[in-house]
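Open the model in a viewer and keep the selection panel at hand. The stops below are given in the order in which to select them.

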Amino acid sequence: MPGKASQTEHMEAAHGEHTESREEEEEGLGGLTAEELRQGQEAALALEARMALSAQSLVRAEVDELYEHVRALGQGRFGRVWLVTHRQEGTVLALKQLPKASTTLRGFLYEFCVGLSLGSHAAIVAACGVGLESADSYSFLTEPVLHGDLIGYIRPKVGLPQAAAQRCAAQLASALEHIHSLGLVYRDLKPENVLVCDPDCRQVKLADFGHTRPRGTLLRLAGAPIPYTAPELCAPPPLPEGLPIQPALDAWALGVLLFCLLTGYFPWDQPLAETDPFYEDFVVWQASGQPDHRPRPWFGLTPTADTLLLGLLEPQPRRRSPVSSVRGFLGRPWRQREGEAEEVYPGEDEDSG
Ligand SMILES: Nc1ncnc2c1ncn2[C@@H]1O[C@H](COP(=O)(O)OP(=O)(O)OP(=O)(O)O)[C@@H](O)[C@H]1O
């Protein structure tokens, strides 16, 4: 598997008036129904209220005064995550520290409060409710997850054992469903943001809510697309300000992630048929209605896996299956046989995706 990949985007809040017929109304809202827009607006208001409260209750102290560093747990583009113990209570926690040089108070409060607003879900890293302002950084605390992230478990050209892939699929679909039910879109699904709780990958937890936004937020793709970027984000946006984001973005990313877990390859580099031959082959296959004529990267998968992935990777967002569709495919074979993917590209050293 290639290393970390991320997308950089611009965002603005989307709030529109709607007075026309339903069709015109949806067009005026960039394809969102009034109900979908309402969900996003409610989520945005709830977040603003939580941010205002959290700003008042930030603990002002240096991290070392309250916590002892045990070891580094990870480093992202925005923050460093440490395993710490509370000096008085001895509680073991993960502390994400965001330097003030690159993070605004609002940006920090946003990520902190999204984590809090997700409440408790078995497949989401639990927030502890403590935010810290120090001289040079902002920090918040979460439960620690001690077996690294999913990228370390995906064998290049092989993927994960099938049972582990299905367990991850079930848990991640449930976590995303929960996020969507709160009017939010996660927007950053990739193996680096999936933390692993045990060496057999029995339990995983979604982390890093820095990119999560209310449904309907207007978004433009600023950098180059990555495999997880849904095709509607690559197309000209329906509104001048951008695309109103939908949970379908996460369904696409889940489809790409499941493909990676089952094969150890990315299905394509970018979802652009004009420039990416792997994506072009996929689109032709998808439109052909001939499941047997699968493109090469899909050789090792079963018809059950094809049906699941073709639903999640439907290029039209309105026709795309929701993340909850995963449930209907569990417990049946997704890979023709263990190790099949190893034989797809014999002799190649590099990943294709
Ligand atoms: N609660 C946790 N327990 C254990 N490790 C964690 C925890 N949270 C984060 N990490 C580790 O720290 C790394 C960076 O964390 P995170 O993704 O939140 O940072 P980021 O700067 O927002 O990253 P990105 O560049 O993906 O936006 C993760 O990939 C993971 O390995």
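Select helix 2 (residues 34-56) and show the side chains of Arg 38 and Glu 42: the two are four residues apart in this helix, so about one helical turn separates them. In this predicted model, their side chains form a salt bridge with an N to O distance of 2.5 Å. Glu 42 is partly exposed, at 46% relative accessible area, and Arg 38 is partly exposed too, at 35%.

Next, select Lys 100 and Glu 133. Their side chains also meet in a salt bridge, 2.8 Å from N to O. Lys 100 sits in the loop between strand 5 (92-99) and helix 4 (105-117), whereas Glu 133 belongs to strand 6, so this pair ties together parts that lie 33 residues apart in sequence. Is each partner buried or exposed? Lys 100 is partly exposed, with a relative accessible area of 27%. Glu 133 has 17% relative accessibility and counts as buried, because the cut-off for buried is under 20%.

Now add Asp 188 and Lys 190. These residues form a salt bridge in which the closest N and O atoms are 3.9 Å apart. Both Asp 188 and Lys 190 are buried. Then go back to helix 2 and add Glu 35 to the earlier selection: salt bridges with shared partners join Glu 35, Arg 38 and Glu 42 into one network. The salt bridges in the model come to 16.

Keep Glu 133 on screen and turn to the strands. Which residue is the bridge partner of Glu 133 in strand 2? Select Arg 60, which is paired with Glu 133 of strand 6. Strand 2 (residues 59-60) and strand 6 run parallel and are joined by two bridges.

Strand 7 is the next selection. Strand 6 pairs with strand 7 over four bridges, in the antiparallel sense. Ala 127 stands opposite Thr 142 of strand 7. A hairpin of three residues makes the connection from strand 6 to strand 7.

Stop at Asp 136, in the loop between strand 6 (127-133) and strand 7 (137-142). Asp 136 counts as exposed because its relative accessibility is 61%, and the cut-off for exposed is over 50%. To finish, switch on the surface and colour Glu 62, Asp 64 and Glu 65 together with Asp 136: these residues form a negative surface patch.

Note on methods
Residues numbered from 1 in each chain as written. Predicted model: local features only at pLDDT ≥ 70, side-chain atom pairs only at ≥ 80, totals over all residues. Heavy atoms only, no water. Patch = residues over 30% accessible without salt bridge, like charges linked within 9 Å, V, L, I, M, F, W, Y side chains within 5 Å. Areas by Shrake-Rupley, 256 points an atom, 1.4 Å probe, with all protein chains shown as cover. Salt bridge = Lys/Arg side-chain N within 4 Å of Asp/Glu carboxyl O. Lys, Arg positive; Asp, Glu negative; His and termini not counted. Charge placed at Lys NZ, Arg CZ, Asp CG, Glu CD. Buried < 20%, exposed > 50% of the residue type's maximum accessible area, 1.4 Å probe, protein only. Pairing = 2+ DSSP bridges.
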